[in-house]
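Hi there,

Here is the structure I promised to pass on to you. Have a look at it first, and then read on for what turned up in it.

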Amino acid sequence: MTPHNSANKGDIASTVLMPGDPLRAKYIAETYLENPVCFNEVRGMLGYTGSYRGHRLSVMGHGMGMPSVAIYVTELLTMYDVKNIIRIGSCGGFAPLKLRDIVMAMSSATDSAMFDSVFHGMHYAATANFELLETAVRKARELGITPHVGPVFCSDTFYQPTDEASRVMGQHGVLGVEMESAALYMLAARYGGRALAIMTVSDMVDGSAEQTTAKERETGFQDMMKIALETAACFAD
């Protein structure tokens, strides 16, 4: 057990799906997993282990922002023998992407001070695991879904005081903006795990009024969930 996770060793599968919202973790466990068992309720960060198509999988929330995801990912990789983590979250999208499009983050740029403290001024390229990414693209296409694959921008702040950073990122082919993938990729590389971030566009970076609701973000992003589950099953116990 850790200060943030009440699971015993062996309670968590080697492959874990991680939404930011713990209620999305609960929804996925109850909707898609057979015989899900809750292994964590500490701080409301719900985690479950069950089976999907005969494969043992876990799903657990990671909260919002890189400091939060870093705590849970570090513990999963170093204390619970987790090998594969797939983030399933939301992101702001750059045109020509549209609401509810699927984004797979091949790489993740960031403005995080967390990276400054680790890399001492060097610019580390946080990158997805190729095997997970390749499998996810194939599974998406098998499901009749066309994903958008490319870089994302991982920010420390949700309410940006200026949109300059987003504007510059958009000019350089960045698909979307979110808050966790860079830390996930860095920690997976450090501890020898595989990681991938799959996201659904929940709003547009240009400030368009149309956006998905909180309830839809919790339970409605079915395409992303199915892609992640089918991908995870290829790497599961």
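**What was found**

Helix α6 is followed by Gly192, which has a positive phi, near 80°. Please keep in mind as you read that this is a predicted model.

Let's stay with α6 for a moment. The helix covers residues 181-191, and eight of its 11 residues are buried, so α6 is largely enclosed by the rest of the structure. If you would like to find the buried ones on your screen, they are Ser181, Ala182, Ala183, Leu184, Tyr185, Met186, Leu187 and Ala188.

Gly192 brings us to backbone angles. Arg43 also has a positive phi, about 60°, although Arg43 is not a glycine. You will find Arg43 in the loop that runs between β2 (34-40) and β3 (47-52). Is Arg43 buried or exposed? Its relative accessible area is 69%, and because anything over 50% counts as exposed, Arg43 is exposed.

Another arginine to look up is Arg100, with a positive phi of about 75°, and again this residue is not a glycine. Arg100 sits in the loop between β5 and β6. With a relative accessible area of 41%, Arg100 is partly exposed.

While you are in that part of the chain, look for Pro96, which is placed in the loop between β5 (84-93) and β6 (102-110). The peptide bond that joins Ala95 and Pro96 is cis, with an omega of about 15°.

Next comes a pocket. Rolling a probe the size of a water molecule over the atoms shows where empty space is left. The second largest pocket has a volume of about 170 Å³. Its lining is made up of Ala109, Thr110, Asp111, Ser112, Phe115, Asp116, Phe119, Gly121, Met122, His123 and Tyr124. By type, five of these lining residues are nonpolar, four are polar and two are charged. Which elements supply at least two residues each to this lining? They are β6 and α3 (113-119), and α3 gives the most, with three residues.

Two residues of that lining, Phe115 and Tyr124, are worth a second look. The count of aromatic pairs comes to one. In this pair, the ring centres of Phe115 and Tyr124 are 6.4 Å apart and the ring planes are at 40°, so the pair is tilted. How accessible is each partner? Phe115 counts as buried, at 6% relative accessibility, whereas Tyr124 counts as partly exposed, at 32%.

Last on my list is Glu230, which lies in helix α8 (residues 222-233). Is this residue buried or exposed? Glu230 has a relative accessible area of 13%, and because buried means under 20%, Glu230 is buried. Its side chain is joined to that of Tyr52 by a polar contact of 2.5 Å. Which residues is Glu230 in contact with, once its neighbours within four places in sequence are left aside? They are Tyr52, Arg53, Lys139 and Leu143.

If you want a place to begin, try showing the side chains of Glu230 and Tyr52, with the polar contact that joins them. After that, turn to Phe115 and Tyr124 and look at their tilted rings.

Happy exploring, and write back with any questions!

Best wishes

Technical notes:
Residues are numbered from 1 along each chain as its sequence is written. This is a predicted model: local features need pLDDT of at least 70, side-chain atom pairs count only at pLDDT 80 or more; totals for chains, interfaces and linings use all residues. Side-chain values use heavy atoms; hydrogens and water are left out. Helices (H or I, at least four residues) and strands (E, at least two) are DSSP runs, numbered from the N terminus. Buried means under 20% relative accessible area, exposed over 50%, partly exposed in between (1.4 Å probe, protein chains only). On a 1 Å grid over the protein atoms alone, a cavity is a set of points where a 1.4 Å probe fits but cannot get out, and a pocket is an open set with protein on both sides within 12 Å along at least five of seven lines; lining residues have an atom within 4 Å of a point. Grid points are joined across faces, edges and corners, and a volume is the space filled by probe spheres set on the points. Ala, Val, Leu, Ile, Met, Phe, Trp, Tyr, Cys and Pro count as nonpolar, Asp, Glu, Lys and Arg as charged, and the others, Gly among them, as polar. Rings of Phe, Tyr and Trp (its six-membered ring) pair if their centres lie within 6.5 Å; planes under 30 degrees apart count as stacked, over 60 as edge-to-face and the rest as tilted. A polar contact is a pair of N or O atoms within 3.5 Å; within protein, one must be able to donate a hydrogen and the other to accept it, and residues adjacent in sequence count only if both atoms are side-chain atoms. Contact means heavy atoms within 4.5 Å.
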